Amino acid sequence: MSGESSSNQGGETEERKICANGGSVQTETVEAKLDAGNIDEAESALREGLSLNSEEARALLGRLEYQRGNVEAALGVFEGIDLEDAIQRLQSCSTEKIHKKGGLSGPHLGANLVLEAIYLKTKSLQKLNRIKDAAEECKRVLDAVEKIFPQGIPEAFVDTKLQETISRAVELLPQLWAEASSYHEAIASYRRALLTHWNLDNDSCARIQTNFAVFLLYGGIEAVSPSTATQVDGTYNPKSNIEEAILLLMICMRKFSLGKAKWDPAVVEHLTFALSLCNQTPILAKQMEEVIPGVIHRVDLWKNLALCFSAIGHRKTALDLLKKALHKHEKPDDITSLLLAAKICSEDSSFAAEGIEYAQRAVSCSKIGNEHLQGVCLRVLGLCYGKQASISASDYERSRLQSEALKSLDEAITFDPENSDLVFELGIQYAMQRNLNNALRLAKQYIDATGGSMLRGWRLLALILSAQQRFQEAEVVTDAALDETAKWDQGPLLRLKAKLRIAQSRHLDAIETYRHLLALIQAQKKSYAPLHSTHQIEDDRVNEYEVWQGLANLYSSLSRWKDAEICLGKARAIIECSSETLHTEGTIYQRRGEIDEALATYVNSLLIEATYVPSKICVGAIMSNRGLAMLPVARTLLSDALRLEPTNRMAWLHLGFVHKLDGRSSDAIDSFQAASMLEESDPIESFYSIL
């Protein structure tokens, strides 16, 4: 193998030599000729001293200039190398046996020198910012290797300098094409690198796979699926950039878990992003669990797994993992874990009280070295207070919690006044407390801040106006929102518009709106547009079941029993047995005067879902009309309904009738007043429907 050697024995001056084929030449002698501009003499010295041909000697000269930092001079030397002629001479001896002890010699040495020269020429062009030329030269290296070794690089070359040059070129080429904005060539080069037998080591292969995945995820160009000609029978053919990137990253993770490649934490970050786009975080959790113990710190692993499980709604599992991370023997004051735990709790009323504790601890920690997170901690604390208030059985406790929620969110907004999400959440809290003027102001502020691009802002504004009994204005807002909203996202607005028309006794117009909504849903079901399916948030859609339910209720209120029953049949075809469907069936019976059948149906509804408030109210109302003996039962049902929904005006109204029949005049007056106040500020849909 050729190279430079140095020695320093007995205090003698260090000698630098260029060695090859058993001979050597003083490096200083060659450098002196190069400095004098005598390239031909320098080449001649190497040819005679090392038994090299012209291409091989120039390759060594160019490498010497490159190592000395004379990039332009190196490029000039490399230009004189005839690669094609070298390839033809080398092909005939490409299968000769390699003796690792002695390294490369003869033709194999020449192959290495010439190919390394073209690779260094590529690097020189790259340094001179001639990126496309560099890519072309790098491609020449790989084309030459395939000509010299048409059956693939023999295993004997694995530990040689030639293999090192090939590996570097394979890894560099796609990066050069990408840098030159030749994206399709970059994709082809990445696939060529991974599908051709280059004898790459696992670390090099993992780097190429990671770089290709990053390009697919963030490159901004849709890669064409690999051609069937390059596919092995029975292998999976990815259909999109994301699928191909995930496949590559998961292969890397597998190598890490088996200890076959060096751990790269960036792979987890990219895989997290890719799988999150597809809502496939359970797969990410499985991949993380397979990582060799000790590579990821256990607390970080628990946090990442908690994120994975919370993303698919497994809040209990996520919280159990975070409790381990927050154990007194682990990191009890880790603000990230505290915030994540509090955030998860803020989304579920059954965990809200626990969330308040986590959020309060996070607020305390934010005051010591994490001031930049103080606003975030207060925001999550406010959300937890609000969620806990929604299930409080005590009026006093509910009022206290709501005040704490507003106080925390108001304080949070002082830290981050430009945060539109915080403005929206504060507006929701005011709306749920029926402070409609402040809620209206914040809803308008949110729409201004987001430029009207967020559907939930329009919905909040329309619901606040409906709570103020300004139905016509709310419909105008809804129409304006429809003009600003993409077709696929219009479902919630159309549903809201139908309800606003019902509130104005425009029943035929409401039916027409529902029909429009059904047509939209059918179009969505038939459409397989990839852009829509990848980023559409399911929670923002209106499903077909809800529409048939709405139509059934509307027809029932108009005493169009046959139409109502047809709509209920359509709903049952989607969800065979549900509390909501049974409740609607019960209202049909009740409106037709079939009270016993209605009562039985309402009870069946509660057997399916014991906390279904509308059926509780209806059963309580029917019981209140069945004599004094049934009043305690009615009062219990209505009180339980109010525990679940403290702002349900129908529950307050019927509870007032129960108190009146029971001779409790004072309680009856309070209940009627509550019902009256709520009626004056009752939105057309619950404010919770936006969350």
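**Exercise 1. Find the partners of S605, leaving aside its neighbours within four places in sequence.**

*Solution.* Start at S605 and skip those neighbours: the residues in contact with S605 are then S579, L582, H583, Y612 and S615. Keep in mind as you look around that this is a predicted model. Next, place the residue: S605 belongs to helix α30, which covers residues 595–608. Finally, check its accessibility. The relative value for S605 is 0%, and the cut-off for buried is under 20%, so S605 counts as buried.

**Exercise 2. Work out how far the model can be trusted along the chain, using pLDDT.**

*Solution.* Begin with the whole chain: the average pLDDT is 85, and 89% of the residues score at least 70. Then look for the weak stretches. Residues 97–104 have a pLDDT below 50, and this stretch makes 13 contacts in the model beyond near neighbours in sequence. Residues 528–540 also fall below 50, with seven contacts counted in that way.

**Exercise 3. Describe the overall make-up of the protein chain.**

*Solution.* First, count the secondary structure: there are 34 helices and three strands. Second, turn to burial: 49% of the 691 residues count as buried. Third, consider contacts with a separation of 6 or more: 58% of them are between residues 24 or more positions apart. Last, pick out the cores. The largest nonpolar core has 177 residues, and V30, L46, L460, I464 and F687 have the most contacts inside it. A second, separate core has 24 residues, among them A598, L606, C618 and A674.

**Exercise 4. Trace the surroundings of L61.**

*Solution.* Locate L61 in helix α3, residues 54–67. Its relative accessible area is 0%, so L61 is buried. Now list its contacts, setting aside neighbours within four places in sequence: V30, L34, I39, A42, E43, L46 and V77. Two of these names, V30 and L46, may be familiar from the list of residues with the most contacts inside the largest nonpolar core. For a distance across the sequence, take L61 and A117: they are 56 residues apart in sequence, while their C-alpha atoms are 9.3 Å apart in space.

**Exercise 5. Decide how the buried residues of helix α4 are arranged around its axis.**

*Solution.* List them first: in α4, residues 71–78, the buried ones are V71, A74, L75, V77 and F78. Then look down the axis. These buried residues fall within an arc of 160°, so they line one face of α4. One of them, V77, is also on the contact list of L61.

**Exercise 6. Classify two of the aromatic pairs and say which parts of the chain they join.**

*Solution.* The structure holds seven aromatic pairs. Take Y190 and F215: their ring centres are 6.1 Å apart and their planes meet at 45°, which lies between the limits of 30 and 60 degrees, so the pair is tilted. Y190 is in helix α9 (residues 183–195) and F215 in helix α10 (residues 202–218), so the pair links parts of the chain 25 residues apart. Both rings belong to buried residues, with relative accessible areas of 4% for Y190 and 11% for F215. Widen the view and you find one aromatic cluster made of Y183, Y190, F212 and F215.

Now try F424 and Y446. This pair is tilted as well, at 5.1 Å centre to centre and 50° between the planes. F424 lies in helix α20 (residues 420–432) and Y446 in helix α21 (residues 436–450), so the pair ties together parts 22 residues apart in sequence. F424 is buried at 2% relative accessibility, and Y446 is buried at 1%.

**Exercise 7. Identify charged ends that sit over aromatic rings.**

*Solution.* Stay with F424: the charged end of R456 sits over its ring, 4.1 Å from the centre. Then move to W488, where the charged end of K487 sits over the ring at 5.5 Å from its centre.

**Exercise 8. Examine the backbone at S181 and Q469.**

*Solution.* Recall the background: most residues other than glycine have a negative phi. S181 has a positive phi, near 65°. This residue sits in the loop between α8 (161–179) and α9, and it is partly exposed at 46% relative accessibility. Q469 also has a positive phi, about 65°, without being a glycine. Q469 is in the loop between α22 (455–467) and α23 (471–484), and its relative accessible area of 36% makes it partly exposed.

Definitions and conventions
Residues numbered from 1 in each chain as written. Predicted model: local features only at pLDDT ≥ 70, side-chain atom pairs only at ≥ 80, totals over all residues. Heavy atoms only, no water. Phe/Tyr/Trp six-rings, centres within 6.5 Å; stacked < 30°, edge-to-face > 60°. Helix = DSSP H or I, 4+ residues; strand = E, 2+ residues; numbered from the N terminus. Buried < 20%, exposed > 50% of the residue type's maximum accessible area, 1.4 Å probe, protein only. Lys NZ or Arg CZ within 6 Å of the ring centre and 35° of its normal. pLDDT = per-residue confidence, 0-100. Contact = heavy atoms within 4.5 Å. Arc of directions from axis to C-beta. Core = buried A, V, L, I, M, F, W, Y, C linked by side-chain atoms within 4.5 Å.
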